[in-house]
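Welcome! Take a look at the model below, and then we can walk through some of its side-chain contacts together.

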Amino acid sequence: MRKISVLLMVVVLGGVCARGGAQVVPALGDIKSQEELTKAITTLDKELFDAYNNCDIDRLGSLVVDDLEFYHDKTGLAVGKQVFLDAIKNNICGKVTRKLVVGSLEVYPLKGYGAVEIGVHRFYHPGAPGDVGEAKFITLWQYKDGAWKVSRVISYDHEAAK
């Protein structure tokens, strides 16, 4: 019995390590309540922006679809995973960090697709503590082929934080 317990622990820990320490989020069909959906999307948001804030381009790439559409009120439409990753690498890494505004997150199910996440986030610039921006966002999370990934983003109403 002890050997089975140890083996099970090795398999579970091995799975977590193989995913780069990522938290496990339930499959769309396994989510049975609004509370579970909100918890899942909150976990995914944290995972996405931990990668963003730490310039973990590989992890960030694993969380978005190949045909990502990113709509930004200041820079327009960017299409494709690589375009997105290049923009992060060239314009964000070491220059900006993002934090979700506590209490702003809303999550809604999209039947047979995934979920929509709506909220407000703040952007901080290291070395310039007074330079804090704020924007609203809408993110579509698609559950497909056993994985949650961002498929569409609208980031808008960018302004200085109040």
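Here are a few questions and answers about rings, charges and a disulfide.

This is a predicted model, where local features need pLDDT of at least 70, side-chain atom pairs count only at pLDDT 80 or more, and totals for chains, interfaces and linings use all residues. Residues are numbered from 1 along each chain as its sequence is written, and side-chain values use heavy atoms, leaving out hydrogens and water.

Q: Is the aromatic pair of phenylalanine 70 and phenylalanine 84 stacked or edge-to-face?
A: Rings of Phe, Tyr and Trp (its six-membered ring) pair if their centres lie within 6.5 Å; planes under 30 degrees apart count as stacked, over 60 as edge-to-face and the rest as tilted. For phenylalanine 70 and phenylalanine 84, the centres are 5.9 Å apart and the planes differ by 25°. The pair is therefore stacked.

Q: Which ring has the charged end of arginine 98 over it?
A: A charge sits over a ring if NZ of Lys or CZ of Arg is within 6 Å of the ring centre and within 35 degrees of the ring normal. The charged end of arginine 98 is 3.6 Å from the centre of its ring partner, phenylalanine 49.

Q: Which cysteine is joined to cysteine 55 by a disulfide?
A: A disulfide is a pair of cysteine sulfur atoms within 2.5 Å, and the structure holds one. Its S to S distance is 1.8 Å, and the partner of cysteine 55 is cysteine 93.

Q: How many residues apart in sequence are the parts that cysteine 55 and cysteine 93 tie together?
A: Cysteine 55 lies in the loop between α2 (34–53) and α3 (57–62), whereas cysteine 93 lies in the loop between α4 and β3 (97–100). Helices (H or I, at least four residues) and strands (E, at least two) are DSSP runs, numbered from the N terminus. The separation of the tied parts is therefore 38 residues.
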